[in-house]
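Me: Could you walk me through this structure, starting with the ligand site and then moving on to the sheets?

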Amino acid sequence: MTVHYGHHDEPAVRLQGLTRVYPADGAPVRALAGVDAVFHRGTFTAVMGPSGSGKSTLLQAAAGLDRPTAGCVWIGGTELSRLSETKLTELRRGRVGFVFQAFNLIGALTVEENILLPLRLTGARPDRAWLDRVIDRVGLGDRLRHRPSALSGGQQQRVAIARALASRPEVIFCDEPTGALDSTTATEVLGLLRGVVDEHRQTVVMVTHDPVAASYADRVIVLADGRIVRDMPQPGADAIAEHLAALGRRTLRTEGVAR
Ligand code: ADP
Ligand code: MG
């Protein structure tokens, strides 16, 4: 029997020495080079960094979508490397939510069926009161019988967020959730994520390229070459943009010298 909820102050997610090496014909690619991080409950963290710095790899390992080469991931009190494939699948469906840039909704299902899919797959009984709150929160009450193709991009991403929230997960991971949206729709989606953290004490970890999107978070961590190179509590959008620009200049210089 796995204990899902530990002490009240137990972090939602903990990463220790997280390392991921992708095998390759030439030199293997070290996408994560020993990442340590703690994400507390009820917080909103943005993960930034240049393209190829390991952001998606970090999120996928933390969410149990990918097995790291070395190191540990805890979701609450559960250490993922000790889980069988079956238990890991259960954890992915029930205890974490994932939102992708490309929405990844199923076109043949209605909005409501898409939202309920992860619960259907686990056979869990839906918590109707929670689902009603989630559907109300994302503002899709009058779209439940529509197919995703009848919705705008912003509405489709709101469905994906509702789907991620349906099981009342301990943490929601979002990989560039606003990357495919125009800025007005992006603002709406970011406000929604901020709201689920503030009002429902959810934990959100979001990859983004956009300093304005990152400024919705409580904290910004910056990756470079598979390592955390900066951890900033509540920086404004201007400070984030300046840090990223400095990082870009340094990366260019290093590449100029080393390669
Ligand atoms: P980011 O999301 O920050 O752009 P990724 O985590 O996608 O970065 O990638 C980090 C590094 O790992 C990159 O060098 C990328 O090319 C490599 N990589 C990512 N996924 C794979 C894969 N499935 N196979 C081989 N290399 C990969
Ligand atoms: Mg990525």
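**The ligand site and the sheets**

Reply: Happy to. The model is a predicted one, and ligand 1 is surrounded by Y22, V29, A31, P50, S51, G52, S53, G54, K55, S56 and T57.

Me: Which element gives the largest share of the shell around ligand 1?

Reply: Two elements, β2 (29-39) and α1 (55-62), each contribute at least two residues to that shell. The shell includes K55, S56 and T57. The largest share is 3 residues, and the element supplying them is α1.

Me: How many charged residues does the shell around ligand 1 have?

Reply: Sorted by class, the shell holds 4 nonpolar and 6 polar residues. Lysine counts as charged, and K55 is among the residues around the ligand. The number of charged residues is 1.

Me: What is the distance from an oxygen atom of ligand 1 to a polar backbone atom of G52?

Reply: Let's compare it with other polar partners. The side chain of Y22 has an N or O atom 3.5 Å from a nitrogen atom of the ligand, and a backbone N or O atom of S56 is 2.9 Å from a ligand oxygen. For the polar backbone atom of G52, the distance to a ligand oxygen is 2.7 Å.

Me: What percentage of the accessible area of ligand 1 does the protein cover?

Reply: On its own, ligand 1 has 560 Å² of accessible area. The share of this covered by the protein is 58%.

Me: Which strands are at the edges of the sheet of 4 strands?

Reply: This open sheet runs in the order β2-β1-β4-β5, with antiparallel pairing. An edge strand here pairs on one side only. The edge strands are β2 and β5 (78-79).

Me: Which residue in β4 is the bridge partner of R14?

Reply: Strand β1 covers residues 13-22 and pairs with β4, residues 70-75, in the antiparallel sense over 5 bridges. Helix α1 packs on this sheet, touching β1, β2 and β4, with its direction at about 120° to that of β1. The partner of R14 in β4 is W74.

Me: Why is one side of β6 and of β10 left without a neighbour in the sheet?

Reply: The open sheet of 6 strands has mixed pairing and the order β6-β7-β8-β3-β9-β10. One side of β6 (96-99) and of β10 (227-233) is free because each stands at an edge with a single partner strand.

Me: At what angle does helix α6 run to β8?

Reply: Helix α6, residues 183-200, lies across β3 (44-48), β7 (171-175) and β8 (204-207). Its angle to β8 is about 155°.

Terms used. Residues numbered from 1 in each chain as written. Chains lettered and ligands numbered in written order. Predicted model: local features only at pLDDT ≥ 70, side-chain atom pairs only at ≥ 80, totals over all residues. Heavy atoms only, no water. Near = heavy atom within 4 Å. Polar contact = N/O pair within 3.5 Å; in protein donor to acceptor, adjacent residues only side chain to side chain. Areas by Shrake-Rupley, 256 points an atom, 1.4 Å probe, with all protein chains shown as cover. Pairing = 2+ DSSP bridges. Contact = heavy atoms within 4.5 Å. Axes fitted to C-alpha atoms, helices over the stretch in contact; angles between N-to-C directions.
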